[in-house]
Amino acid sequence: MKEKQPWLVRPETIRLLWIVFIVILALTVLADFFVHHHGHYGIDGTFGFGAWYGFVSCIVLVVFSKGLGAILKRRDDYYD
Amino acid sequence: MIETSVPPGLVLLFGAFLLPFLSGTIRAVVALVLPLIALFLVWGVPDGPALTIPWFGYEIVPVQGDALSRVFGTVFTIMVFAGGLFSLRQSNRFELAAAYAYAGAAVGVVFAGDLLTVFVFWELMALASTVVIWCGGPNAWGSSIRYAIIHLLGGVVLMAGIAAYVTETGSIAFTAMEVGSVGTWLILIGFLLNVGAPPFSAWLPDAYPQASWSGTVFLSAFTTKTAVYVLLRGFPGTEILIWIGLYMVFYGIVYAILENDMRRILAYSIVNQVGFMVTGIGIGSEMALNGAAAHAFAHIIYKALLLMSAGSVLYATGKSKCTDLGGLFRTMPVTCICGIIGALSISAFPFTSGFIAKSLISQSAADDHHLTAFVWFALTAASAGVFLHAGIKFPWFVFFQKDSGLRPPDPPANMTGAMWILSALCIGLGIFPAPLYEILPYPVDYVPYTASHVVFQLQLLLFSGLAFFLLLNMLKRTETITLDFDWFWRGLGKALGREFDWRTVAAWEALATRSAQQARRFVAGVYRHHGPRGVLARTWPTGLMALWATVLLAAWLIIYYLR
């Protein structure tokens, strides 16, 4: 008999989690309407800076890593 | 508080030698009481030199206290307690002893008032930690040797630096130094080697993950953080440290993104986290130095927690690669929850210890108007990257991801207990930062919990999380490692060796063939002359002798006649 999957990994739960996640993301950005950021450099005090800066940083890091990996990756028994 | 001048590290150092001879409950009690005694002694050390010994005209100061020493002494001893509790079931009798000696030496460094004492404990630390790695089993052998060589080499550089420095200044006191002379540069290089600075960062992810499930927990805490301490004490405000720190921050992220082994991911993330501290030391303002110390304090706790979580998984499954793991939240809920708490702390989520510590460093970068804006933007991008490479990656690939089919139970109570204690500290310090801020070297005038800061941090981290799940396909794990500078002492040597080997074999074969040919020719020559048919072995007939005698006589007659 197939083991019953826990609540957390059922497709409908994952759908729900995505919805909740997106709502929270939207709320943190919308909070910028009510919170005054006093940035040190100008741009860091603008609307939604943390959101897009975090997102873009991660994409740049991942793409850069993939590029580096293409050159430097080896099978994990390389040194054996 | 009672003032004592007992070196707090010695309690652990000597206590360690008891441990292999004890067993059962007594061993457990001793293992847990020793760090508590050491913690008590840490707080008994008065400000200033507590013990001085004259030695060949120099003043050796084995115990000297101040706020900075106490911050590190406190977290080190707390760490030993939690690590000891976690490791009680380690079947290798020597590992815990080596780990305690290692921790004792680390505590020795942070209370050392002079460079010679620093050096002695520094080397003891290298030796004891090598033994901890050895205890990881036969696979750990190669790594432990590489580890020992690098650290002993670092020790030589450090000793040379100290010798030059002492000749120059005539003092062995360990105080803030200006880089410039040969001595101070060598000391700085010796310290940087232990901190995991480039190009030698690779010793850390090479060696630490080879230790046992419990050994890595100890290793993560002491060597790099003792190095952070000596940099804080010796080289505050040295600008080059900013750039070294930033390199380490991004090195850790990039390599961890590419890594498959969960404990190697966490090892790369040590380099990343220590990079934040080194950057703070380079910035050098009071707030930045406070931040580096606070971050070291918080980091030791959450990194040990993360490695305990990973160690529990290894203990329960014997597996360490993300490609083999996944879906463990089903049967290891405690390990999973504690791992997530550690992961949130390392990512500096609000209400965790990472948030109240790391923000001191970022804020100090923003407040320093001489500093280029790049530093702040880089640190902020790196904070996003921490969530990506450690904060989500570790829990996701180990506890969720796919169903690996593994159904291991949570580890025994002493191990979950240790994880709960550290989890409580992570959240406790996050919600009540005052006790930590209180013991930092400089007065803290900073409020981490402003609406602006919390919202900013949540945006940064949650959108990093979004990036992680959107890029999940690019982050899928493969059974690979990523080459690093250590190729120069692992791969290059081997490649040269192989090349050399090939040529030697060819030369040897040529030499052997030629020698054999010559020997054969010699034997054939001897055989030709002396063999059964050889000229010199023939039996000569009597007639031939008579003929030769006649020839001789005739010749003699002719010569006689001619005269």
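How many helices and strands does chain B have? I looked that up before anything else: chain B has 21 helices and 3 strands. A reminder to myself: this is a predicted model.

**Chain B, overall**

I checked the spread of chain B next. Its radius of gyration is 33 Å, while a compact globule of 563 residues would come out near 24 Å. The box around the C-alpha atoms of chain B, taken along the principal axes, is roughly 135 × 65 × 55 Å. I also looked up burial: 59% of the 563 residues in chain B are buried.

**Chain A, overall**

Then I turned to chain A. I found 2 helices and 1 strand there, and their order from the N terminus is α-α-β. The radius of gyration of chain A is 20 Å, well over the 12 Å that the globule rule gives for 80 residues, so chain A is more spread out than a compact globule. Its C-alpha atoms fill a box of roughly 55 × 45 × 15 Å along the principal axes.

Burial in chain A stands at 29% of its 80 residues. For the surface, I noted about 5400 Å² exposed by chain A, with 72% of it supplied by carbon and sulfur atoms. I looked at charge as well: chain A carries 8 positive and 7 negative side chains, and the centres of these two sets are 9 Å apart.

**The largest pocket**

On to empty space. Rolling a probe the size of a water molecule over the atoms shows where such space is left. The largest pocket holds about 960 Å³. I wanted to know who sits at its middle: of the 28 lining residues, the closest to the centre are Leu17(A), Ile392(B), Trp396(B), Phe400(B) and Phe469(B).

Which elements give two or more residues to this lining? I got α1 (11-30) from chain A, and α13 (333-346), α15 (373-399) and α18 (451-470) from chain B. The top contributor is α1(A), which gives 6 residues.

**The cavity**

I then asked for closed spaces. The structure holds 1 cavity of 30 Å³ or more, and the volume of the largest cavity is about 30 Å³. I wrote down its lining: Lys66(A) and Lys73(A) from chain A, with Ile257(B), Leu258(B), Met474(B), Lys476(B) and Arg477(B) from chain B.

**Two buried residues in chain B helices**

Is Gln459(B) buried or exposed? Gln459(B) is buried, because its relative accessibility is 1% and the cut-off for buried is under 20%. I placed Gln459(B) in helix α18 of chain B, one of the helices that I had already met in the pocket lining. Gln459(B) is 75 residues from Ala384(B) in sequence, yet their C-alpha atoms are 9.7 Å apart in space.

Ala105(B) was next on my list. It lies in helix α4 of chain B, residues 93-110. With a relative accessible area of 0%, Ala105(B) is buried. I looked up its distance to Phe121(B) too: the two are 16 residues apart in sequence, and 4.9 Å separate their C-alpha atoms.

**Backbone oddities**

Last, I went through the backbone. Most residues other than glycine have a negative phi, and most peptide bonds are trans. I noted these exceptions in chain B.

- The peptide bond from Pro198(B) to Pro199(B) is cis, with omega near 0 degrees. I found Pro199(B) in the loop between α7 (182-195) and α8 (203-207).
- Phe56(B) is not a glycine, but its phi is positive at about 50 degrees. I placed Phe56(B) in the loop between β1 (48-55) and β2 (58-65) of chain B.
- Ala348(B), again a residue other than glycine, has a positive phi near 65 degrees. It is in the loop between α13 and α14 (353-367) of chain B.

What is the relative accessibility of Phe56(B)? I got 69%, so Phe56(B) counts as exposed, given that exposed means over 50%. For Ala348(B) the value is 2%, so Ala348(B) counts as buried.

Conventions:
Residues numbered from 1 in each chain as written. Chains lettered and ligands numbered in written order. Predicted model: local features only at pLDDT ≥ 70, side-chain atom pairs only at ≥ 80, totals over all residues. Heavy atoms only, no water. Helix = DSSP H or I, 4+ residues; strand = E, 2+ residues; numbered from the N terminus. Rg over C-alpha atoms; globule rule 2.2 N^0.38 Å. Buried < 20%, exposed > 50% of the residue type's maximum accessible area, 1.4 Å probe, protein only. Areas by Shrake-Rupley, 256 points an atom, 1.4 Å probe, with all protein chains shown as cover. Lys, Arg positive; Asp, Glu negative; His and termini not counted. Charge placed at Lys NZ, Arg CZ, Asp CG, Glu CD. 1 Å grid on protein atoms, 1.4 Å probe; cavity = no way out; pocket = protein on both sides within 12 Å on 5 of 7 lines; lining within 4 Å. Points joined across faces, edges and corners; volume = space filled by probe spheres on them.
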